[in-house]
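Visitor: I should like to learn how to read the features of a protein model. Could we proceed from the general idea to the particular case each time?

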Amino acid sequence: MKYIRINSFKRLFFFGKRSFFGEEDVKSLVNLPLDQHPPRPSWKCFSYEQLFDATNGFSSENLVGKGGYAEVYKGKMNDGKEIAVKRLTKTSRDDERKEKEFLNEIGTIGHVCHSNVLPLLGCCIDYGLYLVFELSTVGSVASLIHDEKLNPLDWKTRHKIVLGTARGLHYLHKGCQRRIIHRDIKASNILLTTDFEPQISDFGLAKWLPSQWTHHSIAPIEGTFGHLAPEYYLHGVVDEKTDVFAFGVFLLEVISGRKPVDGSFQSLHSWAKPILNNGEIEKLVDPRLEGAYDISQFKRLAFAASLCIRPSSTWRPTMNEVLEIMEEGEIDKEKWKMAEEDDQVEEFWGFDDLDYDYNSSFSMSFPDSTGST
Ligand SMILES: Nc1ncnc2c1ncn2[C@@H]1O[C@H](COP(=O)(O)OP(=O)(O)O)[C@@H](O)[C@H]1O
Ligand SMILES: [Mg+2]
């Protein structure tokens, strides 16, 4: 375990050197005029005492979320700044893998900078592993959309959330120094600022993809049930289109207010597919909106979702194309017509597939309604 930590930290602290960038990347960065250099990471190392004091000794009252391998506590620094501290939970099994994911998260999120990506403020490596983020006082999209006790989110806010998330994802795929595939896009990993700007979080599964590779084959297959693209689920193939599929499911979730996998064990995308194909898209809208939505915006989102969840990854749009469809302008529907056989819904998974054991190459979590994971 020490080995992983030491080497991973070496890589992190040598950011900008050849171990992190390819030679070409370094050359092109060096040749950039100063004002075009990507922003430098500004995160710092916190002491354990600082985080202990800020979270009132990691008290249970300050616990705001629990994920697959971490607990998240809210805290307040001496200067009044509110923070979220993600603490790696200690379990006897799989420690090394979790530690890897944790370090992976610092390595990836520590070098990105976009208004729709949750900013990392720093980390701490004394007495455990801790990541420090800006606090989202509003919480995750999952916690807002599925909490029956809360008023339903209005259409304008839902629209803002999906557009912002699409912009953040487009940035990860195309706008930052390295292609980043998030691999776990879902409502509980999209946090909201006080003005409901979405921020993509939880980079534990994120992967950098070298620019010359079309895709990457990955084992174990990790992610969240109901969001996995068929080529990833079946063959471990990961590229930007894996995230596009998950984004399509997220889009459907925000439009419909339904969970990716509901109590009847039907996935959201297999419920929505025939509705989209038959053009009965009004059936998708969350009934809690009581008809209060912008029909032309809704049509755009529904069309984008129908393309994102296509079984064939080559027929899915890029996030740039998704944005074009969701925002203003003419939609070229002809361009997106595909042969019927390419749209056959392959029953690529069912609940029987969940009978995997932990030693197999699957590691999946379930979407839930607690606002965690
Ligand atoms: N910065 C934050 N502000 C507020 N809540 C957060 C923050 N980061 C995470 N959370 C909460 O904690 C949960 C788990 O965090 P996450 O980073 O997704 O961990 P995991 O990788 O274990 O899923 C999230 O779903 C969210 O509810
Ligand atoms: Mg999570």
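The dialogue below goes from the chain as a whole to its sheets, a ligand shell and a helix.

Visitor: What kind of model is this, and how many helices and strands are in the chain?

Guide: One begins with the origin of the coordinates and an inventory. This is a predicted model. The chain holds 11 helices and 15 strands. Of its 373 residues, 37% are buried. Among contacts with a separation of 6 or more, 68% link residues 24 or more positions apart.

Visitor: How does one read a sheet, and what is the order of the sheet of six strands?

Guide: A sheet is read from one edge to the other, strand by strand. Here the open sheet of six strands runs β1-β5-β6-β4-β3-β2, with mixed pairing. Its edge strands are β1 (44-45) and β2, each of which pairs on one side only.

Visitor: How many bridges join β2 to β3?

Guide: Pairing is followed bridge by bridge. Strand β2 (residues 63-66) and strand β3 (residues 70-76) run antiparallel and are joined by three bridges. One of the positions to look at is L63, whose bridge partner in β3 is Y73. The connection between β2 and β3 is a hairpin of three residues.

Visitor: Which strands pair with β6, and in what sense?

Guide: For an inner strand, both neighbours should be examined. On one side, β4 (residues 82-88) is joined to β6 (residues 130-134) by five bridges, and the two run antiparallel. In this pairing K86 has L131 as its bridge partner, and R87 stands opposite Y130. On the other side, β5 (residues 120-124) pairs with β6 over four bridges, also in the antiparallel sense. There, G122 is partnered by V132. The hairpin of β5 and β6 has five residues between the strands, and within it Y127 takes a positive phi near 55°.

Visitor: Is β6 mostly covered or mostly open, and why does V132 count as buried?

Guide: Burial is judged by counting neighbours around each residue. A residue is buried when 20 or more other C-beta atoms lie within 10 Å of its own. Strand β6 is mostly covered, as four of its five residues are buried. V132, which is placed in β6, counts as buried because it has 23 C-beta neighbours inside 10 Å. Beyond residues up to four places away in sequence, V132 touches F46, L51, I83, V85, L121, G122 and C123. One of these contacts shows what the fold brings together: V132 and L51 are 81 residues apart in sequence, yet 8.7 Å apart in space from C-alpha to C-alpha.

Visitor: Which residue does UniProt list for "binding site", and what surrounds that residue?

Guide: A record entry is best compared with the local geometry. An unreviewed UniProt entry lists K86 for "binding site"; such annotations may be inferred rather than shown by experiment. K86 lies in strand β4 and is buried, with 25 other C-beta atoms within 10 Å. Leaving aside residues up to four places away in sequence, K86 touches A70, V72, Y130, L131 and F133.

Visitor: How should one describe the shell around ligand 1, and which residues come nearest?

Guide: A shell may be described by its nearest members, its composition and the elements that supply it. Of the 24 residues around ligand 1, G65, G67, A84, S136 and D202 come nearest. By class, the shell has nine nonpolar, 13 polar and two charged residues. At least two residues come from each of β2, β3, β4 and β7 (139-140).

Visitor: Where does β7 belong among the sheets?

Guide: An element may be traced from a ligand shell to its sheet. Strand β7 is part of an open sheet of three strands, ordered β7-β9-β10 with antiparallel pairing. The edge strands are β7 and β10 (198-200), each pairing on one side only. Two bridges join β7 to β9 (residues 190-192), and the bridge partner of G139 in β9 is L192.

Visitor: How does one read the sides of a helix, and which residues of α9 are buried?

Guide: One asks where the buried residues lie around the axis. In α9 (residues 268-277) the buried residues are L268, H269 and A272. They cover an arc of only 75° around the axis, and therefore lie on the same side of α9. These buried residues pack against α8 (240-256). The face turned away from the buried side carries the exposed residues P274 and N277. Just after α9, G279 takes a positive phi of about 70°.

Methods: Residues numbered from 1 in each chain as written. Chains lettered and ligands numbered in written order. Predicted model: local features only at pLDDT ≥ 70, side-chain atom pairs only at ≥ 80, totals over all residues. Pairing = 2+ DSSP bridges. Buried ≥ 20, exposed ≤ 12 C-beta atoms within 10 Å, placed from the backbone. Arc of directions from axis to C-beta. Contact = placed C-beta atoms within 7 Å. Near = placed C-beta within 6 Å. Nonpolar A, V, L, I, M, F, W, Y, C, P; charged D, E, K, R; others polar.
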